[in-house]
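Biologist: I should be grateful for a close look at one part of this protein. Please choose a single residue, describe its surroundings, and place it within the chain as a whole.

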Amino acid sequence: MFEPGETVGVAVLLRSDEADRYGEVRATITAADLPARWEALVLVGYDTGTLNYIDPR
């Protein structure tokens with residue numbers, strides 16, 4: 001998965017949306033959008049670019 005000693009970013013996903021016909025998505029997030037509950041978690045390896053998606057549902 002990740003390399004030993006690699007820095008891994010942790011991202012909380014607040015919502016999901018579908019890409020448009022050009023494959024683009026626009027998301028605006030404000031401080032008021034940061035709830036105690038979250039939809040999913042993504043771990044990103046800074047060196048390898050490895051992504052690990054965790055869905056709590």
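**E6 and the sheet beside it**

Modeller: The protein chain has a radius of gyration of 14 Å, whereas a compact globule of 57 residues would have one near 10 Å. This is a predicted model, and its C-alpha trace spans about 35 × 30 × 25 Å along the principal axes. The mean pLDDT of the chain is 83, and 96% of its residues reach 70 or more.

The residue I have chosen is E6, which is found in the segment before β1, the strand of residues 8-13. Is E6 buried or exposed? Its relative accessible area is 10%, and residues under 20% count as buried, so E6 is buried. Of the 57 residues of the chain, 14% count as buried.

What surrounds E6 can be described in two steps. Within the segment itself, a polar atom of the E6 side chain lies 2.9 Å from the backbone nitrogen of E3. Further along the sequence, leaving aside neighbours within four places, E6 is in contact with G45, Y46, D47, T48 and G49.

These contacts lead to the hairpin formed by β2 and β3, which has five residues between its strands. G49, one of the contacts of E6, is in the turn of this hairpin and has a positive phi of about 75 degrees. G45, another of the contacts, belongs to β2, which covers residues 40-45. Strand β2 pairs with β3, residues 51-54, in the antiparallel sense over four bridges. Within this pairing, L43 has N52 in β3 as its bridge partner.

The strand that follows the segment of E6 joins the sheet as well. β1 and β2 pair in the antiparallel sense over six bridges, and G9 stands opposite V44 in β2.

The wider arrangement can now be set out. The chain has zero helices and three strands, and it follows the pattern β-β-β along the sequence. The three strands form an open sheet in the order β1-β2-β3, with antiparallel pairing. β1 and β3 stand at the edges, each with a single partner strand, so one side of each is left without a neighbour in the sheet. On average, neighbouring strands of this sheet are turned by 15 degrees against each other, direction ignored. Among the elements of the chain, β1 has the lowest mean pLDDT, 85, and β3 the highest, 88.

Finally, among contacts in the chain between residues at least 6 apart in sequence, 56% join residues at least 24 apart.

Key
Residues are numbered from 1 along each chain as its sequence is written. This is a predicted model: local features need pLDDT of at least 70, side-chain atom pairs count only at pLDDT 80 or more; totals for chains, interfaces and linings use all residues. Side-chain values use heavy atoms; hydrogens and water are left out. Helices (H or I, at least four residues) and strands (E, at least two) are DSSP runs, numbered from the N terminus. Buried means under 20% relative accessible area, exposed over 50%, partly exposed in between (1.4 Å probe, protein chains only). A polar contact is a pair of N or O atoms within 3.5 Å; within protein, one must be able to donate a hydrogen and the other to accept it, and residues adjacent in sequence count only if both atoms are side-chain atoms. Contact means heavy atoms within 4.5 Å. Two strands pair if DSSP finds at least two bridges between them. pLDDT is the predictor's confidence in each residue, from 0 to 100. Axes are lines fitted to C-alpha atoms, for helices over the stretch in contact, and angles run from 0 to 180 degrees between N-to-C directions. The radius of gyration is taken over C-alpha atoms; the globule rule is 2.2 Å times the number of residues to the power 0.38.
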